[in-house]
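Reader: Please take me closely through a single part of this model. I would like one helix first, then what packs around it.

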Amino acid sequence: MQKLSLRDRIKEVRVTAGDSFRGGKLMSSIFRPGSPFKKGYVDSPRNRSYVVMNNVLYHLHPVKVKRHGVRLSYTLCLGGLSFFLFIVLTITGIWLMFYFRPTELAYVDIQALQTDIAFGSLVRNMHRWGAHLMVLVVFLHMSRVFYHGAYKAPREFNWVIGVILLLLTLLLSFTGYLLPWDQLAIWAVTVGGNMAGYTPVIGAQAKFGLFAGLEATTATLLRFYVLHVLFLPFIIVIFMAVHFWRVRKDGGISGPL
Amino acid sequence: MVDIPEHLLQRSAEARAKALGISIEQALAEMKGESDPTVVSKDPEVKIIDETPAPAAETPSPAAETPAPAAEVTPVKEEHAAETTEKVAEVAIEKKPAAKAPDPKTDAPDEVDFAPEVKVTQRLLTVVKAKPIQKAASEPVDKVNTWPHLMLPEFVSLMAMTAFLILLSAILQAPLLEEANPNVTPNPAKAPWYFLGLQELLSYWDPQIAGVMIPLVLGLVVWMAFPYIDRNPETHPSKRKFAIMFYTFFLAGAGVLTIIGVLFRGPGWNWTYPWIDGIWFDDLLDWIHFE
């Protein structure tokens, strides 16, 4: 056996140790077959399929997609970005919840976020601009779908769900609008709530239910807070699940034109 | 020539004899090429499909000799073969009697000839495309692996969006006015920007129409039911001009109303120019600060 230099020996030990660790019981219990983190991974079509099938994060996608759908210019990633913005808003939103009380102190809390708390201003800005961006991106996504005629059979029902998702996005944004409890918030919500008051027959009731009273008060603030952080996200996640599921069940991306 | 085992030859000879109603010896002789093949013609019109070795004197016309190309490639029912496969069929019919006349025995055998030594030239009259009875539901589609062809662009766009959002949040400060005070009404009081198109409509029409009928009836019911209203199955824009026009008008209308509501409305919901009077309810310039 030929003599190895010290460097080669170290390298050999490293490779062997790495392989036995990556092929060991711990790693094979964590990673499913086909994972690039497992021992002996090779870039093959089979393993590429496994990457998608065996990974919870990629599981939304099928193993293969239509070639034209991969082109960035076809979808502009708008649907995916809507979902991604929702995730960003969830993360920043949970972070903000640690520092926010939906009471008379709401305004003070926001001021503290802006001035006292580390990264408070940045996270609040991300949450706010991200919300505006999400409304915009969801709307653009709808326009993209319309111009591609992607709502046609067999995707009619997914369009209906999509419109509901747009509506829920608007409601989430609208309920969040009140939470800073500043003049902008309260009067924007007052205007919006008054619009709901014009509903025929049940106008007064709708307005009363929305405001938890006759006008925007801290009771409204609590109501909007619960809607914003719990109720509406819960509903929208259900509709999103159905939406994504239907995309795949209806044959993946539409087109080509 | 290939040697055919005796027992197989015997068996096929028996079958042939039974089919044609001749003796086994005759059939055997025919198959070995020692005797002329027997012809049982049931449907003379269809016989044109095959051409037997015509007498040497007979020189078939070039048209008759050229195989298939002239013939149609569409499947043709046998009964109508003579009429539908125009040229070749016609020529063949004309030729046949002449060819048949000298020796009816040499005429085309309808069935496959078992005897290897009997030369049977066959002319292609029509080509019937092989088609399955059931059409496969799914056509093959050009697909690529999701990993990495879709995941990578998605990941990049995700990162780009994150970078954009963080940058935007670092530069642009979210507005925070003074504390909410129900007793002080700002003039004008504006809804969030995505409702400002509606608020603008509200200033034109009766709230029952602008505030309820349009957003609820047009915005929700018609919008959700759109796929059920638009029954045109085409997806290419050139074949659905009305739908495209409809949506573009909607988009332009909503855009114009929203922009008017956001930028061009001042105190008392009166018309104002943002470059003269500034933007109401928030001074955009105050939001921008560099850290």
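Author: **A covered helix and its surroundings**

Helix α10 of chain A runs over residues 183-196, which makes 14 residues. At 1.5 Å a residue it should span 20 Å, and its end C-alpha atoms are 20 Å apart, so the two values agree. The model is a predicted one.

Is α10(A) mostly covered or mostly open? It is mostly covered: 12 of its 14 residues are buried. The buried stretch includes A:Q183, A:L184, A:A185, A:I186 and A:W187. A:A188, A:V189, A:T190 and A:V191 are also among the buried residues. A:G192, A:G193 and A:M195 are buried as well.

What covers them? Both chains take part. From chain A, the cover includes α8, α9, α11 (203-211) and α12. From chain B, it includes α8 and α9.

Several of these covering helices also build the largest nonpolar core. That core has 39 residues. Those with the most contacts inside it are A:L85, A:F146, A:W159, B:M161 and B:L165. In chain A, the elements that give two or more residues to this core are α6 (78-97), α8 (120-147), α9 (156-178) and α12 (218-249). In chain B, they are α7 (151-171), α9 (207-229) and α10 (241-263). A second, separate core has 38 residues, including A:L96, A:L170, B:F195 and B:L202.

Take A:F146 from the largest core. Leaving out residues up to four places away in sequence, A:F146 touches A:Y151 and A:W159 in chain A. In chain B, A:F146 touches B:F226, B:R240, B:A243, B:I244 and B:Y247.

Now to the surface. B:Y204, B:W205, B:I209, B:M213, B:L216 and B:V217 form a nonpolar patch there. Together they have about 570 Å² of accessible area. The largest share of the patch, 4 residues, comes from α9(B). α9 of chain B is also part of the cover over α10(A). B:W205 sits in the loop between α8 (196-204) and α9 of chain B. Why does B:W205 count as partly exposed? Because its relative accessibility is 44%, and partly exposed lies between 20% and 50%.

Chain B as a whole gives the setting. Its secondary structure comes to 12 helices and 3 strands. Of its 291 residues, 30% are buried. Its accessible surface is about 18500 Å², and 65% of that belongs to carbon and sulfur atoms. Among contacts in chain B with a separation of 6 or more, 62% join residues 24 or more positions apart.

Conventions. Residues are numbered from 1 along each chain as its sequence is written. Chains are lettered from A and ligands numbered from 1 in the order in which they are written. This is a predicted model: local features need pLDDT of at least 70, side-chain atom pairs count only at pLDDT 80 or more; totals for chains, interfaces and linings use all residues. Side-chain values use heavy atoms; hydrogens and water are left out. A nonpolar core is a set of buried Ala, Val, Leu, Ile, Met, Phe, Trp, Tyr and Cys residues joined through side-chain atoms within 4.5 Å. Buried means under 20% relative accessible area, exposed over 50%, partly exposed in between (1.4 Å probe, protein chains only). Contact means heavy atoms within 4.5 Å. Patches are made of residues with over 30% relative accessible area and no salt bridge: like charges are joined within 9 Å, nonpolar side chains (Val, Leu, Ile, Met, Phe, Trp, Tyr) within 5 Å. Accessible areas come from the Shrake-Rupley method with a 1.4 Å probe; for residues, only the protein chains shown count as cover. A salt bridge is a side-chain nitrogen of Lys or Arg within 4 Å of a carboxyl oxygen of Asp or Glu. The expected span of a helix is 1.5 Å times one less than its number of residues.
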